[in-house]
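Good morning, and thank you for coming. I have been asked to present a structure that will be new to most of you, and I would like to show it before saying anything about it.

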Amino acid sequence: ALRQRARRIASAPATRMFAAALGFAFLAWASIRFLGGADAITARFGLAAAFVLVPLQALLALTPFPSQVVAIPVLVWFGFGKGAALVWLGWWIAAFAQYALARRAAFDFRFEEVRDRLPPPLRDLPVGHPAFLIAARWVPGGSHIVNATAGAYGVSLVRHMTCAAVSIAPRALFFASVVHGIALL
């Protein structure tokens, strides 16, 4: 039964999509490191580098790799305002992608059946409440938890993305302030 469950998980479209995103993020990150890092790319291509770095930041935010390795050079090169907007955009795209993957996984793994067997405090978790969708994102690892649970619990995409936009803005401005402050020293 365990072997059959493992095969079902491995063959699920959500698992394959996540594995592909993880593999692509690793290859993109390795390629950027090979090209001299995000600093070298932004120095060479200017604003056009954002078309590569923002999607890469979003991909890295899906994975265990730290997306800050791309976000920090973006903030340094593009400055406080443009940099914060680009970092915000990368994290917002990641919120959508994680939500979509979790939504697909909930379908693939019949989450509704699993949810019915959860203890009441977990089963009745107010995942769709704006306080959860915004504030839980501010704790370490919270973005991954919020995006995945919102997708799995079927929170509307509009509500999730609106709350993500609101929640990510202070984080992007915080990182921009720290990086810009350090640059001024």
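I will begin with the overall picture, continue with several helices, and end with individual residues.

Please keep in mind throughout that this is a predicted model. The protein has 185 residues, and 39% of them count as buried. Its secondary structure consists of 10 helices and 0 strands. Read from the N terminus, the order of elements is therefore simply α-α-α-α-α-α-α-α-α-α, with helices numbered in that direction. Along the principal axes, the C-alpha trace spans about 55 × 35 × 25 Å. As for how the chain meets itself, consider the contacts with a separation of 6 or more: 74% of these are between residues 24 or more positions apart.

Let us turn to the start of the chain. Helix α1 covers residues 2-11 and helix α2 covers residues 13-34; their axes come within 5 Å and cross at roughly 60 degrees. The two helices are therefore oblique to each other. On the α1 side, the contact is formed by Ile9, Ala10 and Ser11, and on the α2 side by Pro13, Thr15 and Arg16. Sorted by class, the residues of this contact are 3 nonpolar, 2 polar and 1 charged. In general terms, a pair of packed helices is described by two quantities, the angle between the axes and the distance between them.

The next element I would like to discuss is helix α5, residues 68-108. How far apart are the end C-alpha atoms of this helix of 41 residues? They are only 31 Å apart, whereas a straight helix at 1.5 Å a residue would reach 60 Å. Where does α5 bend? The bend is at Gly79, and it amounts to about 140 degrees. Just after this helix, Arg110 adopts a positive phi of about 50 degrees.

Helix α10, residues 157-184, can be described in the same terms. With 28 residues, α10 reaches 39 Å from its first C-alpha to its last, close to the expected 40 Å. There is a bend in α10 of about 25 degrees at Ile168, and a proline, Pro170, follows within four residues. The buried residues of α10 include His160, Met161, Cys163, Ile168, Arg171 and Val179. Among the elements covering the buried residues of this helix are α5, α8 (130-135) and α9 (142-153).

I will now go through some single residues, starting with Arg171, which lies in α10. Setting aside neighbours within four places in sequence, Arg171 is in contact with Trp91, Arg137, Trp138 and Ser143. Arg171 and Ala100 are 71 residues apart along the chain, and their C-alpha atoms are separated by 22 Å.

Gln57 is located in helix α4, residues 50-62. Is this residue, Gln57, buried or exposed? Its relative accessible area is 0%, so Gln57 is buried. Not counting residues up to four places away in sequence, Gln57 touches Ser67, Val70, Ala71, Leu86, Val87, Gly90 and Trp91. Trp91 thus appears in the contacts of Gln57 and in those of Arg171.

Two alanines complete the tour. Ala97 is in helix α5, and it is partly exposed because its relative accessible area is 22%, where buried would require a value under 20%. Ala97 and Ala21 are 76 residues apart in sequence, yet 9.7 Å apart in space, C-alpha to C-alpha. Ala40 belongs to helix α3, residues 37-45. With a relative accessible area of 30%, Ala40 is likewise partly exposed. The C-alpha atoms of Ala40 and Tyr99 are separated by 32 Å, and the two residues are 59 residues apart along the chain.

To close, I would return to the two bends: about 140 degrees at Gly79 in α5, and about 25 degrees at Ile168 in α10. Thank you for your attention.

Note on methods: Residues numbered from 1 in each chain as written. Predicted model: local features only at pLDDT ≥ 70, side-chain atom pairs only at ≥ 80, totals over all residues. Heavy atoms only, no water. Axes fitted to C-alpha atoms, helices over the stretch in contact; angles between N-to-C directions. Parallel < 35°, antiparallel > 145°, perpendicular 65-115°, else oblique. Contact = heavy atoms within 4.5 Å. Nonpolar A, V, L, I, M, F, W, Y, C, P; charged D, E, K, R; others polar. Expected span 1.5 Å × (residues − 1). Bend = angle between axes of the 7 residues up to and from the residue. Buried < 20%, exposed > 50% of the residue type's maximum accessible area, 1.4 Å probe, protein only.
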